[in-house]
Each structure stands twice: as structure tokens, then as C-alpha cells.
Amino acid sequence: MTDSFDPSPAAGDRFSFGLWTVGNPGADPFGPAVRPRISPTEIVAGLSKAGAWGVNLHDNDLIPFGASAAKRDQIVADFKQALSDHNMIVPMATTNLFSHPVFRDGAFTSSDAKVRAFAVRKAMRAIELGVELNAKTVVFWGGREGVETDAARDCRDAIQWFRECLDFLCAWTKDQGWDLKFALEAKPNEPRGDIYLATTGHMLAFIETLEHSEMCGVNPETAHENMPGLSMVHAVAQAMEANKLFHIDLNAQKIGRYDQDLRFGSEDLKGAFFLVRLLEGTCNRPAYTGPRHFDAHAYRTEDVAGVWDFATGCMRTYKILAARAKAFDKDSEVQQILADNHADPDGVGSMLTSYSASNRDQLEALQLDADAMAAKGHRYERLDQLAQEYLMGVRG
Ligand code: DIG
Ligand code: MN
Ligand code: MN
């Protein structure tokens, strides 16, 4: 890598963090907070200084549950002033439908219709806040939408109630004349024993059953796909292919662990490399144009200075991987191996793009030698070694 490369984050990179990420005080199920709470206005200032572009929030990250209207308005006014002072925007807003005990058996999937109604109304207030802060995307993470025992309810009822609540909120949003995108975030478990619609794939199928599916997409999170051992790269690629990647939660995770929400790239670096390659479109494909959002937090071992080390590390790693991916895809040997594997001199692929009598007859007439095709090597060992060497900085 040339010495001139500077991985320092800049506004043009569209990096964003949630108030809950750098504001995480380090509490965990086995111990209390270890860091002082940083106020939302201090977070805005700190993120701006670190080079971030946007700051996201749950309603209650900013406005305490049950705050009076006057208190709410004052808090929002102060927050807006901080955004203006530090040239920061709010790309995404979301609703906390998981902390208050009222949601202990779910929000949109609670068997109690009054809880579902309470959750929908809370989401309406959070969407109003997002619109007031000029957010363009609303994320829905159903942290409590699940069970510890399937004796609790029929999953089909849960899915129907989830759909009803989202259809209601989509229709209400359109009724307000707002042009918002809803991004549904999947997670397989934690805090519930099993969370409904556990992966991005489940969410993509569910979205197609919604009344206003055109305004709904997904918000895949690295940790949430990796927890069950799935590929975040494949989840994001499927979302992009379906034009449903409306937002993304970038972080890192050891497979098979609880949700660690680690600094981006700090675990599966090769997975992060291929994810950034996909998002940046360095392999001559359209790039993802949304926020590069980090839903992660610093180790509990860190003090406040360490929190900003964490935030800077997320952004620097993303930029370094973007540069590595660009160099990898410009490498002539990489391009040649990929071209050899995709070669189709006889145009056979075009016979499969759609069915016709002509394509059928051409397909039937093809001379295909299975043994000859089977004997062909693909040079993926060399290709992956090249990727590794770009990652390790010994090439390009
Ligand atoms: C957890 O991964 C969830 C919540 O933090 C939030 O609702 C969402 C926003 O990115 N991610
Ligand atoms: Mn997470
Ligand atoms: Mn998330």
C-alpha cells in the first residue's frame, strides 16, 4: 500500500454510529457500568471530532421513557443544536421496543393486543422524532419478539401480528406523506431464547408478505448473521440483489457466541474484507449507497478514551479494507483467474436466461463432456492466497 494512503475517516465516507454504541457504559449481565455516561450532545461532538458523518438513535437513547412533552421538546432542541454545531446528521432512527418491562413478552408479537397497540403507538412517536431529525430510514429490531417456550403462542400468530403492526405503521407513515424506508433487522436469539424471523433471509421472505413491501427492506448485522454461523457476505449480497439493503449494522463477532457487537473487522477480517468489497462494488458492481453504520461498542475494559479508540478503529478498518479490496480487484492476475472461470465463448449462459423453444433446442443440442468439465481446475487456492496477501499488506 502506498505511503500516501490515509485511512482517516471523513464525512464523505458516510460513517455513522448509534448513540447507544459509543454511549455504552460497559454494563453486562455480570457487572455494572464501568464508564461514565456520555450525554447525547457530547456524543455528537465526539463523533464529529472522530470523523463520523451521522449519529443514529432509539427514541429512549435521547428522550427518557415517560418524559413530559415540554422536557422532550427541550431535549430535542438541544440535540438539534448540537447536530448543527458539529455538522452531523441523523440518517436513521429506531424505537426501543425491548427495554421497558411492558415488552418482556414481545412488542409487535406479544399475545396481549394492548401491548401490541402500545408498541405501535410508541413506534409512531419514534418515527415522528426521526422525521423531526430528518432521518430517512427507520430500523425495526425485534429484540423481544420471540419465546423461551413455544408453548407460549403459535408462531403463525406471532408472524401475523408482526405483519399487522408493520402494515399499520407503513400505512400510517404514508398517510403522513413521509417518504421513509423501513429496515428490518434480524437476530436469532438474545435476549429471547429464540427470536422470530431469525436471519436476514427470514426477513426477506417476510417482507414479501407485507402490504407495503416496497417501503420495507433489511438492516443486516454482521454479529447477528455470524452468531448462528452464517455468512454476512451472502446475507448482504442477497439483500443487494433484491434491492432490499436499506441499511447495515457493521461490527464483528466470534461464531457461536452471545452477541458481542465488537469493533468492525476485529474478528473475521477476511469476512470483513469480502463484505467491504461487496459494499464498495470494487469488483465492478454497483456499490451500496447507504450509511456505513457501526452497531458495536468498546470492550468493557475500556475507559472513555478507549471508546473513541474503538470508534476510530471501526472507521479506519473499513477504509483500509476498502483500499485493499480496490487494489485486489485491480490486480491483473485476479482479473485473469476470474475471467477464466466465467468464460462462456459459446454463449451457453444466454440459453438459460429465459425459456423458449429455441433455447430449449439449443440446450438439448449442446455437446457437454461432463468428464472434461469435471477435470477443470479453478485456481481458487491462488485467488484466495492473493486475497490473503492483499489483506496482509504484502501485495499492492
Ligand atoms: C441491536 O443490534 C439493534 C438495536 O441496537 C437497534 O434497534 C438496531 C439499530 O441498528 N440494532
Ligand atoms: Mn448486535
Ligand atoms: Mn444492530
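Select the manganese ion (ligand 2) and the residues that donate to it; along the chain these donors follow the spacing E-x2-H-x34-D-x1-D. The model is predicted, and every value given on this tour is computed from it. The protein donors to show are Glu221 (OE), His224 (NE2), Asp259 (OD), listed twice, and Asp261 (OD), at 2.0 to 2.8 Å from the ion. Distant parts of the chain are linked here: Glu221 is in the loop between β8 and α8, whereas Asp261 is in the loop between β9 (249-250) and α10, 40 residues apart.

Keep Glu221 selected and add the manganese ion (ligand 3). Glu221 bridges the manganese ion (ligand 2) and the manganese ion (ligand 3), and the two ions lie 4.5 Å apart.

Next, centre on the manganese ion (ligand 3). Which residues are its protein donors? They are Glu185 (OE), Glu221 (OE), Asp249 (OD) and Asp295 (OD), lying 2.0 to 2.2 Å from the ion. The arrangement is octahedral because the six donor atoms around the manganese ion (ligand 3) subtend angles of 76 to 172°. In sequence, the donor residues of this ion are spaced E-x35-E-x27-D-x45-D. Here too the chain is brought together from distant parts: Glu221 belongs to the loop between β8 (216-218) and α8 (222-226), and Asp295 to the loop between β10 (292-294) and α11 (304-330), 74 residues apart.

Move to the backbone and select Glu190 and Pro191. The peptide bond from Glu190 to Pro191 is cis, with omega near 10°. Pro191 is found in the loop between β6 (181-185) and β7 (194-195).

A second backbone feature is at Asn87. Asn87 is not a glycine, yet has a positive phi of about 55°. Its place is in the loop between α4 (69-85) and β3 (92-94). For both stops, the background is that most residues other than glycine have a negative phi, and most peptide bonds are trans.

From Asn87, go to helix α4 and select Arg72, which lies in that helix. Which residues does Arg72 contact, leaving aside its neighbours within four places in sequence? The partners are Ile63, Leu129 and Glu132. To travel onwards, draw a distance from Arg72 to Leu279: their C-alpha atoms are separated by 37 Å, and the two residues are 207 apart along the chain.

Leu279 leads to the packing of two helices. Show helix α9 (residues 232-241) and helix α10 (residues 269-280), whose axes come within 9 Å and cross at roughly 15°. Angles under 35 degrees count as roughly parallel, so α9 is roughly parallel to α10. Their crossing is right-handed. Display the side chains: Met232, Val233, Val236, Ala237 and Met240 in α9 meet Gly271, Phe274, Leu275, Leu278 and Leu279 in α10. By class, this contact has nine nonpolar residues, one polar residue and no charged residues.

Finish with helix α12 (residues 332-342) and helix α16 (residues 380-391). At what angle do these helices pack? The angle is about 145°, and the axes are 10 Å apart. The crossing of α12 past α16 is left-handed. Select Glu333, Val334, Ile337, Leu338 and Asn341 of α12 together with Tyr380, Arg382, Leu383 and Leu386 of α16 to see the residues that make the contact. By class, the residues of this contact comprise six nonpolar, one polar and two charged.

Key. Residues numbered from 1 in each chain as written. Chains lettered and ligands numbered in written order. Predicted model: local features only at pLDDT ≥ 70, side-chain atom pairs only at ≥ 80, totals over all residues. Heavy atoms only, no water. Axes fitted to C-alpha atoms, helices over the stretch in contact; angles between N-to-C directions. Helix = DSSP H or I, 4+ residues; strand = E, 2+ residues; numbered from the N terminus. Parallel < 35°, antiparallel > 145°, perpendicular 65-115°, else oblique. Left-handed = near helix turned anticlockwise from the far one by under 90°. Contact = heavy atoms within 4.5 Å. Nonpolar A, V, L, I, M, F, W, Y, C, P; charged D, E, K, R; others polar. Donors = N, O, S within 2.8 Å, 3.2 Å for Na, K, Ca; no water. Tetrahedral: all angles 85-135°; square planar, octahedral: opposite > 155°, others 65-115°.
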